[in-house]
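Me: Please take a close look at how the strands pair in this model, then work outward to the ligand site and to a few individual residues. I would like one connected account with the distances and accessibilities given.

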Amino acid sequence: MDSYHIRGGNKIRGEYRVRGAKNAVLPILAASIVTNSQVELIGCPDIADVDNMLEILRALGCKTEKSKESIVVDTATINCSVIPDRLMREMRSSVFLMGPLIARCGEVTLSHPGGCEIGVRPIDIHISALKTLGVSIEEADGLLICKGSKLSGACITLTFPRVGATENAMLTALAADGETIIKNSAREPEILDLQNFLIACGADVTGAGSDTIVISGRHDPFKRFHGTGHTIIPDRIEAGTLMAAAAVTGGKLFLKGAQPSHMHAIIEKFKEAGCFVWEYTDGIYIEAGRRLAATNLVTSPYPGFPTDMQSQFLAMMTTAEGESVIQEAIFENRYKQVPELCKMGADISVSGMDAKIKGVKSLQGCLVNATDLRGGAALVIAGLMADGTTIVNNITHIERGYDKLDKVLNSLGADIRGITQPTGTV
Ligand code: UD1
């Protein structure tokens, strides 16, 4: 699909079952490689990033089967440790395959990963962690050639608590003889989900969710690990995005399955902005207040406010009463949607990693371009509250990480048409 045509003004209300988390399913799919067996993942979102990861797994020799919300991967037939360059460039998460392929094959060849253009996104922290475990890494012709068949457990201290680097270190440590301690690890719920999956496969890992993770590893872990079934945790960013859609349209929404314990920082900011939020064991209910109030926020690693919700919250603040200041502390380039929001009438000024948003009375629909996944979702939120019709182009960015966002929002009262241009038209 190429664009969304959104007629603004409809309230978002009803009930929606939150899909499995993109940021949990991707590393777990990569981790399936350490099992030498069949794993079944339940509750997977149907998104382009998952399809890309499955294509990479097939290119490595795995068998994959996708049905409604569940995926079966059989890694017994893996016969290659070179990640094709084209697929590597499709998405950042391909970097998660470094650890599992080293654990399984003793080597991996890959190029620098792609993904959203929201910052420089180096992988130095991943590389440093792997080297600490004994992996040798050489760069030649733009490729990273990583080798390590006799790894030893070690103490790794991450310079920053980064999610992907923590997960890569955990997965590589499975094949390192002895105990590995990862200090200053990221604490995101998706890392705990990865740990739970690994334990179900027979691994000895503790501490995920805290800043210290301990892995007891052995050479050739795939000879001991077995397949398993695993249900993916709910996507806190999908839930937060839909909360923003309800908040800007004066709606009411029950997000079935959303985990309040994963979303404290997000829920607090919605409350500060004037929304009413109720937390239940089986979901979150949100009701918009009369008019949103300006709210400041700073993004930070979990349990702080997630950078992946910053763009959507910024879109919400465009019509809030007063002036909000947002500080993006993780990515250098996460305001690419701001000029598009300004086209719609928003009053935003950006200085470095800070954005100042002066709330305006209303936005006007116009033609805008999605520049990245969450920035694209922010434009959809703006379109839902704007007067008239908003056309959001380049929605392939949105499809990378949201499972049929147009259909989901339509089922909750929105008026969105997804348009595919006939081939050959401009
Ligand atoms: C994960 C999430 C992503 C989220 C991000 C930050 C997944 C699949 N993706 O990505 O949605 O936006 O956390 O919460 O889980 N950095 C380095 N060196 C490194 C690694 C990272 O400098 O080796 C920096 C990057 O430049 C960037 C920040 O750390 O500024 C986050 O980097 P990134 O690697 O994209 O985060 P992930 O942990 O992979």
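Reply: Strand S15 (residues 252–256) and strand S17 (residues 283–287) run antiparallel and are joined by 5 bridges. This is a predicted model, and what follows should be read as such. S17 also pairs with strand S16 (residues 276–280), again antiparallel and again through 5 bridges. S17 therefore has two partners, S15 and S16, by the rule that two strands pair if at least two bridges are found between them. The register can be fixed at glycine 283 of S17: lysine 256 has glycine 283 as its bridge partner, and so does tyrosine 280. The connection between S16 and S17 is a hairpin with 2 residues between the strands.

A second hairpin can be set beside this one. Strand S7 (residues 136–140) pairs with strand S8 (residues 143–147) in the antiparallel sense, over 5 bridges. Within that pair, isoleucine 137 faces cysteine 146 of S8. The S7 and S8 hairpin likewise has 2 residues between its strands, and aspartate 141 there adopts a positive phi near 50°.

Next, the ligand. There are 18 residues around the ligand, and those that come nearest are Arg92, Asp124, Arg162, Asp308 and Ile330. By class, the shell holds 7 nonpolar, 5 polar and 6 charged residues. Three backbone contacts can be listed. A backbone N or O atom of isoleucine 330, one of the nearest residues, is 2.6 Å from a ligand oxygen. For glycine 164, the distance from a backbone N or O atom to an oxygen of the ligand is 2.7 Å. In the case of proline 122, the ligand atom is a nitrogen, and a backbone N or O atom lies 3.2 Å from it. On its own the ligand has 730 Å² of accessible area, of which the protein covers 90%. Two elements give two or more residues to the shell, namely helix H5 (124–132) and helix H6 (163–173). H5 gives the largest share, with 3 residues.

Burial is marked in helix H1 (residues 22–31). There, 9 of the 10 residues are buried, so the helix is largely enclosed by the rest of the structure. The buried residues are Lys22, Ala24, Val25, Leu26, Pro27, Ile28, Leu29, Ala30 and Ala31; Lys22 is thus listed alongside residues such as Leu26 and Ile28.

On the cysteines, a search of the whole structure finds 0 disulfides. A disulfide is a covalent bond between the sulfur atoms of two cysteines. For cysteine 105, the closest cysteine sulfur belongs to cysteine 80 and is 8.2 Å away, which is too far for a bond, because the cut-off is 2.5 Å. Cysteine 105 is partly exposed, at 32% relative accessibility. Cysteine 155 also counts as partly exposed, with a relative accessible area of 41%.

Three further residues complete the account. Threonine 180 is part of strand S11 (residues 176–183). Its relative accessibility is 0%, so threonine 180 counts as buried. The side chain of threonine 180 comes to 3.4 Å from the backbone nitrogen of alanine 154.

Glutamate 90 belongs to helix H3 (residues 85–90) and is partly exposed, with a relative accessibility of 39%. Glutamate 90 and arginine 400 are separated by 310 residues in sequence, yet their C-alpha atoms are 9.9 Å apart.

Aspartate 403 sits in the loop between helix H13 (396–399) and helix H14 (405–411). Despite that loop position, aspartate 403 is buried, with a relative accessible area of 5%. A polar atom of the aspartate 403 side chain is 2.9 Å from the backbone nitrogen of aspartate 46. The side chain of aspartate 403 also has a polar contact, at 2.8 Å, with the side chain of lysine 404.

Definitions and conventions
Residues are numbered from 1 along each chain as its sequence is written. This is a predicted model: local features need pLDDT of at least 70, side-chain atom pairs count only at pLDDT 80 or more; totals for chains, interfaces and linings use all residues. Side-chain values use heavy atoms; hydrogens and water are left out. A residue is near a molecule or strand if one of its heavy atoms lies within 4 Å of it. A polar contact is a pair of N or O atoms within 3.5 Å; within protein, one must be able to donate a hydrogen and the other to accept it, and residues adjacent in sequence count only if both atoms are side-chain atoms. Accessible areas come from the Shrake-Rupley method with a 1.4 Å probe; for residues, only the protein chains shown count as cover. Helices (H or I, at least four residues) and strands (E, at least two) are DSSP runs, numbered from the N terminus. Ala, Val, Leu, Ile, Met, Phe, Trp, Tyr, Cys and Pro count as nonpolar, Asp, Glu, Lys and Arg as charged, and the others, Gly among them, as polar. Buried means under 20% relative accessible area, exposed over 50%, partly exposed in between (1.4 Å probe, protein chains only).
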